[in-house]
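Welcome! Here is a short briefing to help you find your way around a new structure, one topic at a time.

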Amino acid sequence: MKIAITGTIGSGKSSVSCILKSLNYPVYDADLIAHDLYKPGEPIYDYLISRYGGELLNDDATINRKILAHHLFLADENIMELEDKIFPEVMDKINHIYESDPQDLVFFEVSMLFEAQLEGQFDEVWVVNTTDAIRYQRLLSRGLTHHDIKKREQRQIPTSTKLKLADRILDNNATQDALKALIIETLERMSA
C-alpha cells in the first residue's frame with residue numbers, strides 16, 4: 001500500500017516520518033526526491049539552465065538553490081511553471097520506488113500533495129494536524145518569521161480542506177510519545 005503523509009507547514013509530517021522509520025517502515029521524502037531532479041543530467045536541471053541561465057550554477061555545476069529561489073519568488077507563475085514540470089517527474093520516481101520496495105506499507109512524505117493534485121496517486125492519505133498556535137511555535141523556533149510563515153501558507157490549501165480529503169487524520173497536539181502511540185494504533189487498525 002502506497003501511503004502519503006501530508007499536512008500544513010509545521011504540522012509534524014517529519015515527526016510522523018521519523019516515528020514510522022523507528023518502527024521499521026520505509027519512508028521516503030518527496031522533497032528529497034525532487035532535489036535529486038536538480039542534479040546535472042536530469043531533465044529539470046536542463047530546463048532550469050535553459051530558463052534562467054548559467055547564473056544558477058555553483059562552481060561545481062550544481063544548482064544554487066538561493067539564486068533559484070530568488071527567481072522563483074519573483075513571480076508566482078515562475079513557481080507554477082517549475083511545479084508543472086517537476087511534480088510529474090517526482091511522481092514517476094515515487095512510483096518506481098514503490099514498485100521496487102517489497103514492504104506491504106510504503107510511506108511518502110509529500111508536503112504539497114493536494115496542491116499538486118497527487119492524492120489520487122496514493123492508496124491512502126494521512127494528514128498530520130495540529131493547532132495553529134503549536135505550528136507557529138514550531139516554525140518560529142526554526143527561525144522562520146511570521147511573514148515567512150504566512151507566505152508559505154498562502155501556497156498551501158487550507159488545513160480544513162486537507163482534513164476533509166484525508167483518509168486518516170493524525171492529531172499532533174501532544175507529546176512525541178502520544179503521536180507514536182497514535183501511529184501504532186492506526187497501523188494496528190489497518191492490519192486488523
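Helices and strands here are DSSP runs, with at least four residues for a helix and at least two for a strand, numbered from the N terminus. With that in hand, Ala-61 can be placed in the loop between helix 3 (43-52) and helix 4. Please keep in mind that this is a predicted model.

**Two residues with an unusual backbone angle**

- As background, most residues other than glycine have a negative phi.
- Ala-61 is not a glycine, yet its phi is positive, at about 75 degrees.
- Ala-61 counts as partly exposed because its relative accessibility is 30%, and partly exposed covers the range between 20% and 50%.
- Gln-117 also has a positive phi, near 55 degrees, and is a residue other than glycine.
- You will find Gln-117 in the loop between strand 3 (106-109) and strand 4 (124-129).
- With 66% relative accessibility, Gln-117 counts as exposed.

**The largest pocket**

- How much space lies in the largest pocket? The volume is about 1400 Å³.
- The lining of this pocket is made of 38 residues, and those closest to its centre are Asp-31, Phe-73, Ser-111, Met-112 and Arg-152.
- Two or more lining residues come from each of helix 1 (13-22), helix 2 (30-36), helix 4 (65-72), helix 5 (76-100) and helix 7.
- Helix 5 makes the biggest contribution to the lining of the largest pocket, giving six residues.
- Sorted by class, the lining of the largest pocket holds 20 nonpolar, seven polar and eleven charged residues.

**The second largest pocket**

- The second largest pocket has a volume of about 180 Å³.
- Its lining consists of Met-80, Glu-83, Asp-84, Phe-87, Pro-88, Met-112, Glu-115, Ala-116, Gln-117 and Arg-155.
- By class, five residues in the lining of the second largest pocket are nonpolar, one is polar and four are charged.
- Gln-117, with its positive phi, is thus a residue to look for here too, as one of those that line the second largest pocket.

**A closer look at Glu-153**

- Glu-153 sits in helix 7, which spans residues 146-154.
- Is Glu-153 buried or exposed? Its relative accessibility is 17%, so Glu-153 counts as buried, the cut-off being under 20%.
- Beyond its neighbours within four places in sequence, Glu-153 is in contact with Ile-9, Arg-135 and Tyr-136.
- With Tyr-136, the side chain of Glu-153 also forms a side-chain polar contact of 2.8 Å.

Methods. Residues are numbered from 1 along each chain as its sequence is written. This is a predicted model: local features need pLDDT of at least 70, side-chain atom pairs count only at pLDDT 80 or more; totals for chains, interfaces and linings use all residues. Side-chain values use heavy atoms; hydrogens and water are left out. Buried means under 20% relative accessible area, exposed over 50%, partly exposed in between (1.4 Å probe, protein chains only). A polar contact is a pair of N or O atoms within 3.5 Å; within protein, one must be able to donate a hydrogen and the other to accept it, and residues adjacent in sequence count only if both atoms are side-chain atoms. Contact means heavy atoms within 4.5 Å. On a 1 Å grid over the protein atoms alone, a cavity is a set of points where a 1.4 Å probe fits but cannot get out, and a pocket is an open set with protein on both sides within 12 Å along at least five of seven lines; lining residues have an atom within 4 Å of a point. Grid points are joined across faces, edges and corners, and a volume is the space filled by probe spheres set on the points. Ala, Val, Leu, Ile, Met, Phe, Trp, Tyr, Cys and Pro count as nonpolar, Asp, Glu, Lys and Arg as charged, and the others, Gly among them, as polar.
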